[in-house]
Amino acid sequence: MRFLPVNLTTLLVELADLDETLALFASLETDPVEGIVDMVPAARTLMIRFRAEKLTAERLAGDIATRDLSARIAPSDQLVEIPVRYDGEDLADVAELTGLSVEEVIRRHTDSTFTVAFCGFAPGFGYLVGGDPALQVPRRQSPRTRIPAGSVALAGAFSGVYPQASPGGWQIIGTTPEKMWDLSRDPPALFQPGYRVRFFDLEKRSVSVLATPVKALDSASAAIAADAVTLKVLAAPMPALIQDLGRFGQTGQGVSSSGALDRGALQAANRVVGNAAGTPCLEIILGGFSFEASGRTVIALTGAPCPISIRDACGRTITAETYQPVSLEPGDVVTLGHASCGMRSYLAIRGGLKVKPVLGSASTDTLAVVGPGPVTAGTVLTVQDETGALASVSLTETPAFAFPASGETVTLDVIMGPRSDWFTDAGIASLSGQLWQVTPLSNRVGIRLSGETALERRDKAELPSEGTATGAIQVPHSGQPVLFLADHPLTGGYPVIGTVAEYHLDLAGQIPVNAQIRFRPVTTFADVRPTRA
């Protein structure tokens, strides 16, 4: 057993195999340690996030080191049967890799009874174990940029079904018409940890798959009261997103937290207008956004500093300041100019936006496609009534840091680990010894970086999927790293050389394209040593 640092409040426990991982996960669920916030089980690791004021990594490791990991989890009584058309484009390759005929591959797959070991990568993506050992095949050397939803696939000891179209490197052997992720179900994920799963061939047994209507996620779809204040979006060069502080407690279904990329700016915007700090706001990229208010309200803009102009119903135009409350009257049109620095601005409205939470949060997760839809021109947003207990507006809010501009260099502190030892000394030195350019392929999932020298690994070994944290610096085969942001996949299969310190995550969320990042390690990589309280 090894205890590997992820960041200052997250530990990765490396175990011998999946059985030990699931035994530890079950043990900590049955007899929890005070201070643990969340756990993400994977192939042979358990990632644990904890509250620093309640627990230290050393004390957590000390508790875990005493746990009995010999117990095996009893299979669930729940059996899910999945119809499959065995028409996958890698089916012939799998047959060749295994030395079996295509027919034998299909037979062995349908004869197996799988168990959902854990969920990750994407909402509803279950990692299935217990299949025929003869069907164990490596991932593809070149991952596909898009795998269709419903693709049934193999990788290593796992089988799985892609719940939505996404990139991936598993070997596709078929497709299913079943919906693996459906927000109109409770729970939305068809595969839950512990469930047993069997596949059957649609060519040999027909099945009727009923389409389940999907609940509308657009916050503007609900009926609007006649006296409600609304914001009609007139321009949105880049769609705005509704965000709050995130979606927690859903890792068992493969759902990560998402939420505002600059949490401090979102909280400041809410304080300015007297809202609770976590009230949903609009996250606006690079300005250019415009809307008309139907009634009297108060707004605030924080984060990336966009010029604010307001044209009233008589055609007069005034300007307003960021980080200050701005009163609006009926018919006022608010237009945001281009942000000269930073990346994301946060628009708060006194009372908050009327939006239905999805899985406990109003955040829009762009990778998982969970939460309210994007806010575009023509969208009408409804403001909540101010009947609740609202605080006074705050006049003392200021930016937490100087917002970086394109071409500038930003320094981010890094906690080394959990897989720093997968890289050569030269690779470790290259991480902090050069500047990394932010490429246009960056988004809320992650910042894709480009450097003159690729990060060199010790070998080309394949890493079993394991949990990843926001801020993780994951390194694919190219050696050009990706810095994971809030919408990152819950698990990943490439080594993480280090993780940006949590106190610099807001800053990371404000770095624009063509800025440069300098990574500054603030720890050296070493296993965490267990201690007892």
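## Cysteines

In this predicted model, Cys281 has a relative accessible area of 0% and is therefore buried. Cys281 takes part in no disulfide, the nearest cysteine sulfur being that of Cys306, 14 Å away. Cys306 is likewise buried, because its relative accessibility is 3%, and the value that defines a buried residue is under 20%.

Cys306 is also in no disulfide; the nearest cysteine sulfur to Cys306 belongs to Cys341, at 9.3 Å. A disulfide requires two cysteine sulfur atoms within 2.5 Å, and the structure as a whole contains zero disulfides.

## The barrel

Seven strands form a closed barrel with mixed pairing, in the order β25-β32-β29-β30-β27-β26-β33. From one strand to the next, the twist averages 40 degrees.

Within this barrel, strand β27 spans residues 446-450 and strand β30 spans residues 482-484. The two strands run antiparallel and are joined by three bridges. Arg448 has Val482 of β30 as its bridge partner.

## Helix α6 and the strands it crosses

Helix α6 covers residues 425-433 and lies across five elements: β25 (409-416), β26 (436-438), β29 (472-474), β32 (496-500) and β33 (516-521). Relative to β33, helix α6 runs at about 125 degrees. The strands β25, β26, β29, β32 and β33 also appear in the strand order of the closed barrel.

Technical notes: Residues numbered from 1 in each chain as written. Predicted model: local features only at pLDDT ≥ 70, side-chain atom pairs only at ≥ 80, totals over all residues. Heavy atoms only, no water. Pairing = 2+ DSSP bridges. Helix = DSSP H or I, 4+ residues; strand = E, 2+ residues; numbered from the N terminus. Axes fitted to C-alpha atoms, helices over the stretch in contact; angles between N-to-C directions. Contact = heavy atoms within 4.5 Å. Buried < 20%, exposed > 50% of the residue type's maximum accessible area, 1.4 Å probe, protein only.
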